[in-house]
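Work through the exercises below with the sequence and coordinates open. Each task is followed by a solution in steps.

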Amino acid sequence: MDRETLGQRIRALRIRQGISQAQLAFPELSDSYISLIESDKRVPAPSVIDLLATKLNCSPTYLVSGVSEDVVDELRVTLDYAEIALQNGAPAEARARFAEVLANADAVALPDMLHQARWGHALALEAAGDLEEAIAGLRELTEEANPEADLDHWARVHVALSRCLRERGDISASVQVAEDALRRLAASGHDTTDAAVHLGATLLAAFIQRGDLVRARQLAAQIVERAERIGSPRARMEACWEAAYVAEVRGDYEEGVTLAERALLLAGEDEDPRSHNRLRVAYASLLLRARPERAGEARELLGRVRAEINTSADGEIDVAWCLTELARAETALGRPAEAVALAEEALELLGDAPRRATAGALTVLGEALVRTDRRDRAVEVLTSAATHLEEMESSRVAAQTWFDLAELLAETGAAEESRLAAYRRALACAGV
């Protein structure tokens, strides 16, 4: 059934109230202009809609959409509840509430609310670990987004899509989304904005995950330089964070820690809680590698993040990452049994779907199993981790994992053929 047009709605309200076009128009408008509006030959400006709504004793929202204020209020409350659930780390509840708005027939006539629900629904899907559905929704949103209308939102949608693709293991697709978005920003003269830094950081993460360290170094330098020119704390924080990531990959852990500490200082109280938690987990991870003597401090920080994680929009993947790094800290502190329990908890959260976080948890679990002398199980787990990483184009990390597995096989006295096969896979992943 077709909805009434704006003109038809104005005409119906006018007739219902027994007033003529001239009476509705007087004194601000002309009756001929009212006639053109009612015949849908003119689209009134927002100020005219406000004026006509006042004269017709209805709300501007009803005049434009045909949806009553009661229904609009109900949908708005549902959206607010969904946003709160997402921020409080309840993605399943958020997903259900956003879906409720999307299923409401009246939402079609409320484009702003409909878009808010679709965006929130995609983020809730990501937070719940449903990456396939999240990617499908985000692809639609990127196709509809307009950088000229809302540059920051346009960037956020592309960042989210690239991030989900990277987490699912589609590194090439993740790179393409971020590169295409950055090219569009450059072409429109928006390459010196916070949006450009945010997209650049997303692209950098994909380069590192793919093992493209040369391009990662070049891009990191560009991001830092661009952030300094922009000058906003958020841009500088993001640049320092990603530069720390590059330093970690290069093995320069001390520089990475310094940069991560600078990023933490720049992250204000109003920073997105999810990003802030990720930054703290990344910093703790760096501490474990750069300064193993501070493993207790890293463990304490990760424990605080774990306790707070349900007060933010952190989803299952972020929680699993925190648990994985906690397991790494426990291993460093000589408590491999506790590490095994934490890594297994992370894997239970992540489920069976192959993703980057799963490979990371498997790797840490394998290391902890070695420390508990469960070497056969460790071989099985590390083989699974290396296979996951190789399938997800994470060549650098996959090469290291295959190499570690080969060394473990040597320690366990496994057949030479198995050890050589693992070494060959490591070399192939490293491009040798």
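The exercises concern a predicted model and go from overall dimensions to single residues.

**Exercise 1. Overall description**

Task: State how many helices and strands the protein has, and what its C-alpha trace spans along the principal axes.

Solution:
- Step 1. The secondary structure consists of 23 helices and zero strands.
- Step 2. Along the principal axes, the C-alpha trace spans about 95 × 40 × 40 Å.
- Step 3. The protein has 432 residues, and 49% of them count as buried.
- Step 4. Take the contacts with a separation of 6 or more: 59% of them come from residues 24 or more positions apart.

**Exercise 2. The annotated span**

Task: Find the residues that UniProt lists for "domain: HTH cro/C1-type" and describe their secondary structure.

Solution:
- Step 1. The UniProt record, an unreviewed entry, gives residues 10-63 for this domain.
- Step 2. Residues 10-63 are 63% helix and 0% strand.
- Step 3. The C-alpha atoms at the two ends of the span are 7 Å apart.

**Exercise 3. Backbone exceptions**

Task: Most residues other than glycine have a negative phi, and most peptide bonds are trans. Locate a cis peptide bond and two residues with positive phi, asparagine 57 and aspartate 373.

Solution:
- Step 1. Phenylalanine 26 and proline 27 are joined by a cis peptide bond, with omega about 0 degrees. Proline 27 sits in the loop between helix 2 (21-25) and helix 3 (31-38).
- Step 2. Asparagine 57 has a positive phi, near 60 degrees. This residue belongs to the loop between helix 4 (46-55) and helix 5, and it is exposed, at 64% relative accessible area.
- Step 3. For aspartate 373, phi is positive at about 65 degrees. Aspartate 373 is in the loop between helix 20 (356-371) and helix 21 (375-391), and its relative accessibility of 60% makes it exposed.

**Exercise 4. Cysteines and disulfides**

Task: How many disulfides does the structure hold, and why is cysteine 164 not bonded to cysteine 322?

Solution:
- Step 1. There are zero disulfides in the structure.
- Step 2. A disulfide requires two cysteine sulfur atoms within 2.5 Å.
- Step 3. The closest cysteine sulfur to that of cysteine 164 belongs to cysteine 322 and is 20 Å away, so the distance is too far for a bond.
- Step 4. Cysteine 164 is buried, at 0% relative accessibility. Cysteine 240 is also buried, with a relative accessible area of 8%.

**Exercise 5. Nonpolar cores**

Task: Which residues have the most contacts inside the largest nonpolar core, and what does leucine 138 touch?

Solution:
- Step 1. The largest nonpolar core contains 86 residues. Leu86, Phe98, Trp119, Leu138, Leu302 and Leu365 have the most contacts inside it.
- Step 2. Beyond residues up to four places away in sequence, leucine 138 touches Trp119, Ala122, Val157, Ala160, Leu161 and Cys164.
- Step 3. Another core, of 29 residues, lies apart from the largest one; among its members are Ala178, Ala181, Ala206 and Ala239.

**Exercise 6. A pocket**

Task: Give the volume of the second largest pocket and say which elements give two or more residues to its lining.

Solution:
- Step 1. The volume is about 240 Å³.
- Step 2. The lining of the second largest pocket includes Pro60, Val64, Val72, Arg76, Pro111 and Met113.
- Step 3. Helix 5 (60-65), helix 6 (69-87) and helix 8 (111-127) each give two or more residues to this lining.

**Exercise 7. Three residues in their surroundings**

Task: Are arginine 226, valine 67 and leucine 349 buried, partly exposed or exposed?

Solution:
- Step 1. Buried means under 20% relative accessible area, exposed over 50%, and partly exposed in between.
- Step 2. Arginine 226, in helix 13 (residues 213-230), has 17% relative accessibility and is therefore buried. Outside four places in sequence, arginine 226 touches Leu182, Asp191, Thr192, Ala196 and Val197.
- Step 3. Valine 67, in the loop between helix 5 and helix 6, is buried at 1%. Valine 67 and threonine 258 are 55 Å apart, C-alpha to C-alpha.
- Step 4. Leucine 349, in helix 19 (residues 336-350), is partly exposed at 30%. Its contacts beyond four places in sequence are Glu316, Val319, Ala320 and Leu323.

Technical notes
Residues numbered from 1 in each chain as written. Predicted model: local features only at pLDDT ≥ 70, side-chain atom pairs only at ≥ 80, totals over all residues. Heavy atoms only, no water. UniProt positions renumbered as here; feature names shortened; annotations may be inferred. Helix = DSSP H or I, 4+ residues; strand = E, 2+ residues; numbered from the N terminus. Buried < 20%, exposed > 50% of the residue type's maximum accessible area, 1.4 Å probe, protein only. Contact = heavy atoms within 4.5 Å. Core = buried A, V, L, I, M, F, W, Y, C linked by side-chain atoms within 4.5 Å. 1 Å grid on protein atoms, 1.4 Å probe; cavity = no way out; pocket = protein on both sides within 12 Å on 5 of 7 lines; lining within 4 Å. Points joined across faces, edges and corners; volume = space filled by probe spheres on them.
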